[in-house]
Amino acid sequence: MKSHRFMLSVVLISLSTVAFAQSDTQRSDEHKSSVAPVPSEAQKSFATVKSLAGEWEGPVTVPEMPEMSGGKPLHVSLRVTSRGNALVHELQEAGTPLDATKYDHPVSMFYVDGDQLTLIHYCDAGNRPRMTGKMSPDGKTVEFEFKDISGSPEYHMHHSVFTLIDATHHTEDWTFMMKDKPIHAHFDLHRAN
């Protein structure tokens with residue numbers, strides 16, 4: 001009888017040791033899952049670009065085409081969508097209706113694709129250049145380099161740079177390729193809302 005009690009005590013102690021060990025493991029796993037993962041460089045760059053969400057207006061300067069500089073200001077709309085996984089950038093001349101048959105209205109999409117911040121530009125030239133972006137060490141500039149293109153490469157958007165000045169002011173620099181000739185456009189944008 002004493003040996004049964006002894007065995008029962010050993011079994012109960014063993015079971016309680018296993019239960020405590022499982023409980024400690026579960027608490028450790030819960031702690032690990034509550035610790036946020038460190039964002040990648042692409043995610044940090046995307047967060048920077050998403051901070052521009054809103055309505056913006058300002059002049060455009062095109063050094064290679066002075067007749068395009070100083071005219072009507074541009075209107076840029078940046079909108080976070082897809083549960084925060086994408087940013088839509090829409091560009092149009094300020095004060096014009098959204099009529100794609102009469103006015104330019106290019107759209108760009110920003111998103112994180114693996115370890116890359118990606119920009120796809122849905123161009124009025126009928127193609128879709130894809131660029132990948134990297135943030136500057138100071139965290140104020142995100143620069144996009146041409147990666148590839150769907151559609152004709154003869155006329156296409158090739159490069160862009162977004163520079164954050166402050167919460168109400170940023171600049172965008174876009175390079176458009178006309179055959180082999182680069183055309184640079186500088187947008188000096190202020191929040192419109």
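These legends describe three close-up views of a predicted model.

**View 1. His89 and its surroundings in strand β4.** His89 sits in strand β4, which covers residues 86-93. Its relative accessibility is 2%, so His89 counts as buried; the cut-off for buried is under 20%. The His89 side chain makes a polar contact with the side chain of Glu172, at 2.9 Å. Glu172 also appears among the residues in contact with His89 once neighbours within four places in sequence are left aside. That list includes Val76, Ser77 and Leu78. Pro106, Val107, Ser108 and Phe110 are on it too. Phe162 and Trp174 complete the set.

**View 2. Arg83 in the loop between β3 and β4.** Arg83 belongs to the loop that links β3 (74-81) to β4. Its phi is near 55°, a positive value in a residue other than glycine. Most residues other than glycine have a negative phi. Arg83 has a relative accessibility of 86% and therefore counts as exposed; exposed means over 50%.

**View 3. Lys179 in the loop between β10 and β11.** Lys179 is found between β10 (169-178) and β11 (181-191), in the loop. Lys179 is not a glycine, yet its phi is positive, about 60°. How does Lys179 count at 48% relative accessibility: buried, partly exposed or exposed? Lys179 counts as partly exposed, because partly exposed covers values between the cut-offs of 20% and 50%.

Key. Residues numbered from 1 in each chain as written. Predicted model: local features only at pLDDT ≥ 70, side-chain atom pairs only at ≥ 80, totals over all residues. Heavy atoms only, no water. Helix = DSSP H or I, 4+ residues; strand = E, 2+ residues; numbered from the N terminus. Buried < 20%, exposed > 50% of the residue type's maximum accessible area, 1.4 Å probe, protein only. Polar contact = N/O pair within 3.5 Å; in protein donor to acceptor, adjacent residues only side chain to side chain. Contact = heavy atoms within 4.5 Å.
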